[in-house]
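Please load the model in your viewer and keep the selection panel at hand. The stops below go from the overall layout to the ligand site.

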Amino acid sequence: MQNSWWRETVVYQIYPRSFFDSNGDGIGDLDGIIAKLDHLADLGVGTIWFSPFYASPQRDVGYDICDYRTVAPEYGDLATVDRLIQAVHARGMKVVMDMVMNHTSDQHPWFVESRSSRDNPKRDWYVWHDGRKPGGKAPPNNWNAMIGGSGWHYDAPTDQWFWTQFLPFQPDLNYRNPEVQAEMLGTLRFWLDRGVDGFRLDIVNALFEDAEFRDNPFAWRLIPSDDDPRMLFQGSDRTLNLPETLAFMKELRRVVDGYPGDRFLVGEVNAPIEMAQAHCCDGHGLNLVFLFRSLKAALKPATIRELVSEYDRLFPDPLIPTWVFGNHDRARRISRLGGDMARARLNAAWQLTARGVPFLYYGEEVGMVQRPIPARDSQDALVLRMQWVPQFVYDAIRSLMGESINRDECRTPMQWDGTATAGFCAQGVKPWLPLPDDLGGRTVADQAGNPDSLLECYRRFLHARRENPALHRGDLALLDAAETGKDVVGWRRTADGQTVVVLLNATNRAHTLRNPAPGGTLVVSTDGRRTDAAAPELVLAPWEGLVVRTAG
Ligand code: NOJ
């Protein structure tokens with residue numbers, strides 16, 4: 001149990017629309033992914049998570065599903081998925097599918113039926129409620145959606161309101177209905193039977209709402225943070241993290257545990273870390289939960305030390321934390337680091353050597369940056385619903401907070417080479433989202449084979465992690481700042497009789513320190529030219545991170 005593969009893996013997220021276009025329509029597809037799998041196998045990741053490629057109107061790029069058991073035609077079909085799963089497995093990697101259990105598209109036949117009349121058999125598959133009196137023309141209660149604003153939508157023909165935790169075209173399924181539970185658990189089985197190794201569960205802490213539809217409480221908070229979804233002066237006690245939702249995590253776990261090969265679940269739980277952890281139900285619920293505080297964490301010694309220590313403390317064995325620095329919703333990490341490759345290398349060293357399961361986002365390995373896209377050209381549904389927000393607000397958020405509300409900016413095509421289409425699609429084809437004006441060498445072709453590149457740094461660390469048990473399954477003990485000096489963060493990891501010491505110089509100055517592992521062997525460094533780390537005194541270059549295996 002403790003050594004299950006998913007505890008030791010590194011996950012790489014592919015956004016299918018943006019990875020590789022094999023058929024000349026400017027949209028990535030499953031055959032395109034198959035064609036590029038060797039890149040991932042060589043890189044050294046263990047697991048691939050695919051953002052949704054199910055049938056969908058694509059108003060939220062696949063997070064609005066209208067058939068959970070078929071594939072959107074622009075991506076392929078079920079036979080292509082079977083080939084994809086086989087091709088991933090043939091390379092020794094695992095497959096994680098994205099599963100959007102909380103809501104469907106409003107085009108899903110279930111919802112079309114559900115809204116057709118109050119006595120339709122599917123009516124109760126979604127969350128419907130009468131409006132408040134008098135006249136029922138006010139929403140049933142004060143519940144806001146996760147993205148702000150009331151999550152209730154009036155349906156005139158049936159004179160009731162339906163609830164959406166996310167966008168208005170994503171009606172929430174009603175998990176109080178046993179038929180819904182059975183159908184969705186059956187959907188998991190459908191894909192498990194086809195050989196998938198795990199699921200990433202979209203906003204899974206939102207499955208149940210208060211049975212009595214009581215108001216959410218007031219909260220002293222305007223803007224949400226990465227680990228606190230309260231916003232617009234409203235708490236989420238009646239709409240998120242309900243005891244029923246936590247209990248259902250165990251049901252989900254029972255389904256995956258019913259299959260051989262240690263299948264697993266990772267949940268998107270926007271909540272304080274302790275609450276996210278509670279969704280693991282002491283090892284009987286979600287196997288993993290995303291932890292998002294790292295997204296914006298400063299690349300500073302004290303911050304790294306604090307976060308590594310906190311994650312480790314809150315996720316003691318058999319639990320294990322996750323390390324997330326980017327995804328399809330959030331500004332790319334390197335853009336928060338000023339686009340700087342040296343910092344990105346150190347960040348990779350942090351992510352791939354701390355205790356936990358790292359989640360990489362496609363393109364991170366070559367330093368792909370945010371591609372500014374004016375709101376008027378955006379395809380992201382979050383932006384489309386805020387057309388009234390003037391462009392300068394987007395620009396201010398970007399420059400003041402390093403954040404982007406336009407999710408298109410982190411979803412641009414994978415940069416394979418330096419050609420006009422970055423090798424994402426054939427020359428002359430227009431990619432679905434624009435590429436940066438200048439790729440600046442942030443491509444696979446430009447960096448492959450160059451020991452100074454970010455790509456080769458990722459490759460070295462991924463392979464070192466795979467080859468050294470202390471790195472992929474060791475426990476972790478932070479080194480005292482007195483031992484490393486305040487500019488360097490370090491930890492010791494031990495497993496199977498092997499001990500390694502990780503040292504990260506999280507500053508732009510060289511730093512000399514007494515080697516905590518004198519006479520040891522260099523395992524890996526962000527500096528691709530370093531050959532040893534045995535001397536009693538070590539000099540770490542600015543932003544250098546390295547791993548030494550202790551002697552004996
Ligand atoms: C979270 C996903 O990561 C995001 O991309 C999506 O829009 C929402 N959930 C709704 O499914």
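Begin by marking the centres of domain 1 and domain 2, which, taken over C-alpha atoms, are separated by 30 Å. To colour them, select 5–103 + 178–208 + 243–375 + 414–447 for domain 1 and 475–549 for domain 2, bounds that come from an automatic or database domain assignment. Where the two meet, the contact (heavy atoms within 4.5 Å) takes 17 residues from domain 1 and 23 residues from domain 2.

This is a predicted model, in which local features need pLDDT of at least 70 and side-chain atom pairs count only at pLDDT 80 or more, while totals for chains, interfaces and linings use all residues. Residues are numbered from 1 along each chain as its sequence is written, and side-chain values use heavy atoms, with hydrogens and water left out.

Next, select the residues around the ligand (a heavy atom within 4 Å of it): Asp60, Tyr63, His103, Phe166, Arg200, Asp202, Glu268, His328, Asp329, Arg407 and Arg411. This shell divides into 2 nonpolar, 2 polar and 7 charged residues, where Asp, Glu, Lys and Arg count as charged, Ala, Val, Leu, Ile, Met, Phe, Trp, Tyr, Cys and Pro as nonpolar, and the others, Gly among them, as polar.

Now display polar contacts (pairs of N or O atoms within 3.5 Å): a polar side-chain atom of Asp60 lies 2.5 Å from a ligand oxygen, while side-chain N or O atoms of Asp202 and His328 are 2.7 Å and 2.8 Å from a ligand oxygen, respectively. Finally, show the surface: the ligand taken alone exposes 300 Å², of which the protein buries 99% (Shrake-Rupley method, 1.4 Å probe).

Terms used
A polar contact is a pair of N or O atoms within 3.5 Å; within protein, one must be able to donate a hydrogen and the other to accept it, and residues adjacent in sequence count only if both atoms are side-chain atoms.
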